[in-house]
Amino acid sequence: MRILVTGSSGQIGTNLALRLLKDGHQVFGVDKRQNSWVGDAFPTLLQDLAGHYSAFPGGINGVEYPEVDLVVHMAAHAKVHQLVRQPHRALENAIMTFNVLEFARGNDLPIVFSSTREVYGDVHRFEEYAEEAADFAFTESPYSASKIASEAFIYSYARCYGLNYLVFRFSNVYGRYDSDLWRMDRVLPLWMHQLSRGEPIRIFGGDQKVLDFTYVDDCVDGIARGVYALADGRARNETVNLAFGQGNTLVRAAELIAEQLGVEPNVTISPSLLGEVTHYVADVRKAHDVLGWSPTTSLEDGIPKAVAWFKDWRSSHPEEDRPFERPGSADELEHGFKEPAPA
């Protein structure tokens, strides 16, 4: 197949593109930045999808795309804290989805969409969250609102225009190609970076925060199965959780990273940040039933793989071994404001 992947320079997009190439398919990427991980392993169009563009059947914003058979839409501003400080980026997420949907509608293409466990909110209503439990009334942050809105657009396009889709809700994906901290810091690679330098780490939420960590190969395998099932008609118009299906505290994750790095962690516990989901364990039975997919990599097995990749990458990129400063003060992060919008 010929597959368009938006957000192809991100962690999941890069891993997915390489998997699809390995499976013998053609991949065309769209991202607003160059792929810093794998270079020109697949053709990538540099384009920001977040503008208010008029309809154009050959591509987006008058840019001609090559002919494709299916779209995987992963492009988004994906950092919860950033979108609390800069909520206009959440609106841009919905605009990106609209633009991609219009391209898919104009070319009668099925679409795979990357959503998030953030859509379930943070009200601790369930021990395990099944797909039908999502409720917009429990929206926790502008980021989760942007994903709920994007899902709603997709469901409406299916009903009004016959668009076929699969929506995947991811949860704390980690692994290779995720240490670009100066673009978008993620908690596990951030701790790998800080602990490897002998620096203290801060855990927002401590043992009270339980999340479902997903190793990137499990996530990508689920997406790939979905791409193939959607393309050949075995599955369509489904919303599916992709996660490991087991909760772990952030403290446990930090302990595993420190163990692999051979260091004693210096940890400060702080309250959870504004907009964060503090408890989530996925119900992954639907992914097995619909796609025959089951995760195979627990956090105990995945952290050693992730740390090994981090060590290899850092040894070949020593310039990244420098202090990291998260944008915004601790007070801004905790209470949400105020960072001025960019000019």
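Trainee: Is C160 buried or exposed in this predicted model?
Mentor: Happy to start there. A residue counts as exposed when its relative accessible area is over 50%. C160 has a relative accessible area of 58%, so C160 is exposed.

Trainee: And C219, is that cysteine buried or exposed?
Mentor: The cut-off for buried is under 20% relative accessible area. C219 has a relative accessibility of 0%, so C219 is buried.

Trainee: How many disulfides does the model have?
Mentor: A good thing to ask after two cysteines. The test is a pair of cysteine sulfur atoms within 2.5 Å. By that rule, the number of disulfides is 0.

Trainee: Let's turn to the rings. What kind of aromatic pair do Y157 and Y161 form?
Mentor: There are 12 aromatic pairs in the count. For Y157 and Y161, the centres are 4.9 Å apart and the planes meet at 70°. Planes over 60 degrees apart fall in one class, so this pair is edge-to-face.

Trainee: Where do Y157 and Y161 lie, and how far apart are they in helical turns?
Mentor: Both belong to helix α4, residues 142-161. Because they are 4 residues apart in that helix, their separation is about one helical turn.

Trainee: Which of these two tyrosines is buried, and which is partly exposed?
Mentor: Y161 has a relative accessibility of 45%, so Y161 is partly exposed. Y157 has a relative accessible area of 5%, which means that the buried one is Y157.

Trainee: How many residues apart in sequence are the parts tied together by Y174 and Y215?
Mentor: The ring centres of Y174 and Y215 are 5.6 Å apart with planes at 65°, so this pair is edge-to-face. Y174 sits in strand β9 (residues 173-174), while Y215 sits in strand β12 (residues 214-215). Y174 is buried at 2%, and Y215 is buried at 4%. The parts this pair ties together are separated in sequence by 41 residues.

Trainee: Which residue lies over the face of Y161?
Mentor: Here we look for a charge above the ring. The distance from the ring centre of Y161 is 4.4 Å, and the residue is R105.

Trainee: Which residues touch the most other members of the largest nonpolar core?
Mentor: That core has 67 residues, and helix α6 (residues 216-231) gives the largest share, 9 residues. Apart from it lies another core of 25 residues, including V71 and F113. In the largest core, the residues touching the most other members are W191 and I223.

Note on methods:
Residues are numbered from 1 along each chain as its sequence is written. This is a predicted model: local features need pLDDT of at least 70, side-chain atom pairs count only at pLDDT 80 or more; totals for chains, interfaces and linings use all residues. Side-chain values use heavy atoms; hydrogens and water are left out. A nonpolar core is a set of buried Ala, Val, Leu, Ile, Met, Phe, Trp, Tyr and Cys residues joined through side-chain atoms within 4.5 Å. Buried means under 20% relative accessible area, exposed over 50%, partly exposed in between (1.4 Å probe, protein chains only). Helices (H or I, at least four residues) and strands (E, at least two) are DSSP runs, numbered from the N terminus. Rings of Phe, Tyr and Trp (its six-membered ring) pair if their centres lie within 6.5 Å; planes under 30 degrees apart count as stacked, over 60 as edge-to-face and the rest as tilted. A charge sits over a ring if NZ of Lys or CZ of Arg is within 6 Å of the ring centre and within 35 degrees of the ring normal.
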